[in-house]
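Dear colleague,

I am handing over a structure that may be new to you, and I would be glad if you could look through it alongside the notes in this message.

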Amino acid sequence: MGTAAVHLLLLLGLLHAGPGGEGRKGWRRRGPAVRERGEAAAAAAESFPLDFTAVEGNMDSFMAQVKSLAQSLYPCSAQALPHDLRLHLLHNASVTCNDGSPAGYYLKESKGSRRWLLFLEGGWYCFNRENCDTRYDTMRRLMSSREWPATRVGTGILSSQPEENPHWWNANMVFIPYCSSDVWSGASSKSEKNEYAFMGALIIQEVIKELVGKGLSTAKVLLLAGSSAGGTGVLLNVDRVAEQLEEMGYQGIQVRGLADSGWFLDNKQYRRTDCIDTITCAPTEAIRRGIRYWNGVVPERCKLQFKEGEEWNCFFGYKIYPTLRCPVFVVQWLFDEAQLTVDNVHLTGQPVQEGQWLYIQNLGRELRNTLKDVTASFAPACLSHEIITRNHWTDIQVKGTSLPRALHCWDRSLHESNKNGKAPLKGCPIHLIDSCPWPHCNPSCPTIRDQFTGQEMNVIQFLMHMGFDVQKMAQQQGLEPSKLLGMLSSGN
């Protein structure tokens, strides 16, 4: 412990030497002095009001030192830190999962922290009795709480380990399981007429009510995050959560959104198919049917942009985003696997046809265009789906910046401007969109494996596996084939 304490003093010394004294002000840990002012003042203090300005030029080295320090201090308090999130079923038994079992949430409290992270789980949806019955038979945990485990271990942005989650590890963590099959939009209960309940929007409201009694009332920041259907759920619910807290008298809580892999396009499918099930049905038609079946609700500001009966438009990120009041950070793979699936582009290991290849490239361009006016975004040119709860989420980079780093920069920009839309801080980018045109042209993309051999593939192997014609593509780009291969290898 003595050595670790010395390291800490050295780090603080480095910060205090920052220009203009900014490091001294931002990094002062509010400890005993705050406690002397009484319990109420202590509760009002932010756990880690960190300011990275003084070390902006050497952030990678600095973060390595912080992680090393955290690891050396970690054993001293490991016994006292509960790593599992514990299940709490809702007290209000009328707010339920699809099958009528009580909805709930998993919670890991972090005493002293005034930051709360609420995560909405994803998992597609169902939009009629037949495919909901199939879903219940094959994916029951997404429709019922009866077999949920008593605890969960948080990973990625829900992890309590600083090396896996460098900026949010000390927050109060809440994981809300998805058991409403309605993209977190439904407001209808189970009845004799309705075989299933669809109460996604009401589940979120009820969780907020319960958390207020568990410390959320003293929060400074609430980050509503989610992946896939949960990411879309963030866009649909973030303003409603802010309004709910304001109505309850908690106007001081800054509500923000983090939407991961939920920014879908209502584009034309590669190959049109009948709307038989969730996978084959075009997203526009599936949501159109679903919103009626679920009695789905959308934010009023978005609803007013469209004619009656056209509320389904609000499920698509680029249409709802301009109507949102809360700041939202959008994380989206440019070649999202779920988007390709609903567009009927199935990458089964067989070489893709030229038409499919052009469609995939165009999808990346379309998605990139919809993000150009999104203030805070992170869009790698990878073929994947979901990222923020993966334990490798720190590895992915866009233009040399990792996702945790970009989120931290966003936190700082919001803290300093107190509203979204300001110019990003110098050396701290928050609008990060890959410009390379092919799936996995970013060298930090997640590993892809050959689905038949299980062997890892690099980007060139992957593209050739998909039927990528180097000679033809090089000719189209006006390049020598060797030059094109070099660019692909380096991710340019």
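Below are some notes on one strand and its neighbours, followed by notes on disulfides.

Please keep in mind that this is a predicted model. Strand E10, which spans residues 376-379, is covered on both faces, with Ala-376 and Phe-378 buried on one side and Ser-377 and Ala-379 buried on the other. In general, the side chains of a regular strand alternate between the two faces of the sheet. E10 pairs in the parallel sense with strand E8 (residues 328-331) over 3 bridges, and Phe-378 is the bridge partner of Val-331 there. E10 also runs parallel to strand E14 (residues 431-433), to which 3 bridges join it, and in that pairing Ala-379 has Ile-433 as its bridge partner.

Turning to the cysteines, the count of disulfides comes to 7, including the three that follow.

Cys-382 and Cys-445 are joined with an S to S distance of 2.0 Å, and this pair links distant parts of the chain, 63 residues apart, with Cys-382 in the loop between E10 and strand E11 and Cys-445 in the loop between E14 and strand E15. The torsion about their S-S bond is about -85°, so this disulfide is left-handed, and both Cys-382 and Cys-445 are buried.

Cys-302 and Cys-314 form another disulfide, with sulfur atoms 2.1 Å apart; the link is left-handed, at -105° about the S-S bond, and both cysteines are buried.

The disulfide of Cys-436 and Cys-441, by contrast, is right-handed, with 85° about the S-S bond, and these two residues are buried as well.

With kind regards

Definitions and conventions:
Residues numbered from 1 in each chain as written. Predicted model: local features only at pLDDT ≥ 70, side-chain atom pairs only at ≥ 80, totals over all residues. Heavy atoms only, no water. Buried < 20%, exposed > 50% of the residue type's maximum accessible area, 1.4 Å probe, protein only. Helix = DSSP H or I, 4+ residues; strand = E, 2+ residues; numbered from the N terminus. Pairing = 2+ DSSP bridges. Disulfide = S-S within 2.5 Å.
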